[in-house]
Amino acid sequence: MSERTLILLRHAKSDWSGDTADIDRPLADRGRRQAPGAGRWLAANIDSIDLAVVSPAARTRSTWELVAAELNVPPHTRIDDRLYAASGDELLTVVRGLHDDVETAILVGHNPGMEELASLLTGEPMAMKTSALAVITVSGSWGTVAPHASALRAWGRPPTPSPDDEPVPGDARMQSTEQLIHQHPLAYLLGLEGIALMRAFAGEHGRAFTEARLTEVRRLLDRADELGPGVDVVPLPLADGYDGWALTYDGEDNGCFPMRDDVLQPMLDRLTPGRVLDAACGTGAVAQQLLDRGHDVVGVDISEGMLAQARKSVPGARLFVGDITDLPLRDGGVEHVVCTLALTHLSDLRPFFAEAARVMRVGGHLLLLDTRGHFTGSTRYPLVKQARDGRVGYVAGYSHSLGDYLRAALRNGYLVRACEETYQAAQTVAPDEKPEPLTPGPPDIWELHPWVRDATNAAKAGQAAVVAWDFELRPEV
Ligand SMILES: C[S@@+](CC[C@H](N)C(=O)[O-])C[C@H]1O[C@@H](n2cnc3c(N)ncnc32)[C@H](O)[C@@H]1O
């Protein structure tokens, strides 16, 4: 059966500042920067496109012009009135009417229709931000395309150049359904042994420790069957992972929360009262601390599930669904910005810093706090979670270096006022903690640690677990 490719492209960010009719609304400057990124992604990842079907709105036509300019061979383009304000079902009718000579087609349109069509075809709930793409494989003729019968190949917003026009490297923000990670319990345990041995080799431990590790490695290899096979873990859209986690998040005995509060509270105490954005506010723990200090609090988060909890626990805050790299706030609308335990989900920190600088006032403070270095030495930081519908997968994460934070801050006009680090307690595994049988599914690293207690404690000892920053937005010079 032949395969065809359907690409959905949502228009880039539009400019709401004028009173033009909706259909005439132009692209915002940011939208003009976003759109070529989608074109470059298509040029690099899609062999050729035969037909573009574009909504007649000014913002979709401009988006497509900027995207097409990046393609090696721009396809034939059809402006089609049926795409303007169309629902997912109406867009499906357009798809079914495509001629079978067309192997790859792109639809350039609007939300919610684009998201609805993507979900309708693939059966996967999908958020499409401005300038986002979804690449879908369709089997057979266009005329017989059926709901839930097509495969999602890639989706997300390709990298956008930051305002100083330096391109964001790589395409890590464009999630691909092919990014499985293989997690093998034995590999994790041997990895800890390896880190412990490296530290011993560098002089942190003596001969007896090294020999004990080597003996333990042999024992682990002999017991490999008991540890079970490795598991391929699929990526889970961030909002799905957090919608699922929201059900238990506040009640968990999560060691990050006391570390967060210990470091953050003195920083919060120093903020002058004003309007504060809690970016990626989650269930609102920090929003509450800001309210308690007399601030007017605005919270933004991408997960409806986390926000639903926040609405219950912090009714005094104004809460919005949104992306912290594309904030639904006006320029200079807040005094300060606080963001805790969330920047690890961004592959690149620069778009967030640019947005924070846009929405806050000169002289305001940007307080950041994140965990890092969780998977010693790895720049990745996957969080395995269960979505509400039972799917288990990982929410992507990244471990940023101090230099990543600093470079992103300095280029956006921030001064460093403080940088704090919190270190792991020396003993990650207590002396009396015994290994328990492992739960099936992706390995739970906390269940694994007691299996190699001394290696874990040695591997984790003295690592900075939390970093907190106080940046001040300095006046233009
Ligand atoms: C570990 S929770 C932290 C929540 C809260 N700040 C705290 O300290 O408890 C991370 C939160 O970041 C949100 N998040 C991650 N990436 C985001 C993004 N790009 N835009 C908005 N929210 C995001 C998630 O939905 C989640 O609620």
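The following paragraphs lead through this structure from the whole chain down to single residues.

The model is a predicted one, and it is sensible to begin with the confidence that the predictor gives it. Across the chain the pLDDT averages 91, and 95% of the residues score at least 70. One stretch, residues 162–173, has a pLDDT below 50, and beyond near neighbours in sequence this stretch makes 25 contacts in the model.

Seen as a whole, the chain contains 15 helices and 18 strands, and its C-alpha atoms fill a box of roughly 75 × 60 × 40 Å along the principal axes. For 477 residues, a compact globule would be expected to have a radius of gyration near 23 Å, and the 24 Å of this chain agrees with that expectation. Of the 477 residues, 42% count as buried. Among the contacts with a separation of 6 or more, 72% join residues that are 24 or more positions apart.

The chain is divided into three parts, of which domain 1 covers residues 3–172, domain 2 covers 179–231 together with 435–454, and domain 3 covers 238–424 together with 462–473. Where domain 2 meets domain 3, four residues of domain 2 are in contact with five residues of domain 3, and the side that domain 2 contributes has three nonpolar residues, one polar residue and no charged residues. The centres of these two domains, taken over C-alpha atoms, are separated by 32 Å.

Within the range of domain 1, helix α4 (113–122) is a good element to follow step by step. Just ahead of the helix, in the loop between β4 (104–109) and α4, lies Pro-112, and the peptide bond that leads from Asn-111 to Pro-112 is cis, with omega near 5 degrees. Most peptide bonds are trans, and most residues other than glycine have a negative phi. The helix itself is mostly covered, with nine of its ten residues buried; among them are Gly-113, Met-114, Glu-115, Leu-117 and Ala-118. The elements that cover these buried residues include β1 (3–10), α3, β4, β5 (133–139) and β6 (151–156). After the helix comes Gly-123, whose phi is positive, near 75 degrees.

Further along, in the loop between α4 and β5, is Ser-131. Is Ser-131 buried or exposed? Ser-131 has 27 C-beta neighbours inside 10 Å, and because 20 or more are enough for a residue to be called buried, Ser-131 counts as buried. Leaving aside residues up to four places away in sequence, Ser-131 touches several others, including Arg-10, Lys-13, Gln-34, Ala-38 and Arg-157. Gln-179 stands 48 residues from Ser-131 along the chain, and the C-alpha atoms of the two are separated by 21 Å.

Two residues other than glycine can be set side by side for their backbone angles. Ala-85 has a positive phi, near 55 degrees, and is found in the loop between β3 (76–79) and α3 (88–96). Leu-341 also has a positive phi, near 55 degrees, and lies in the loop between β13 (336–340) and α12 (350–359). Their surroundings are described by different words: Ala-85 is partly exposed, with 15 other C-beta atoms within 10 Å, whereas Leu-341 is buried, with 20 other C-beta atoms within 10 Å.

The last stop is the ligand and the residues around it. Which residues are the closest to the ligand? The shell holds 19 residues, and the closest are Ala-280, Gly-282, Ile-302, Ser-303 and Ala-342. Two elements, α8 (238–245) and α10 (285–292), each give two or more residues to this shell. By class, the shell is made of eleven nonpolar, five polar and three charged residues.

Of these two helices, α8 can be looked at more closely, for eight of its eight residues are buried. The buried residues of α8 include Leu-238, Asp-240, Tyr-242, Asp-243 and Trp-245, and what covers the buried residues of this helix includes α11 (304–313), β15 (383–386) and β16 (392–395). Helix α8 is thus mostly covered, and is also one of the elements that give two or more residues to the shell around the ligand.

Key. Residues numbered from 1 in each chain as written. Predicted model: local features only at pLDDT ≥ 70, side-chain atom pairs only at ≥ 80, totals over all residues. pLDDT = per-residue confidence, 0-100. Contact = placed C-beta atoms within 7 Å. Near = placed C-beta within 6 Å. Helix = DSSP H or I, 4+ residues; strand = E, 2+ residues; numbered from the N terminus. Nonpolar A, V, L, I, M, F, W, Y, C, P; charged D, E, K, R; others polar. Domains from an automatic or database assignment. Rg over C-alpha atoms; globule rule 2.2 N^0.38 Å. Buried ≥ 20, exposed ≤ 12 C-beta atoms within 10 Å, placed from the backbone.
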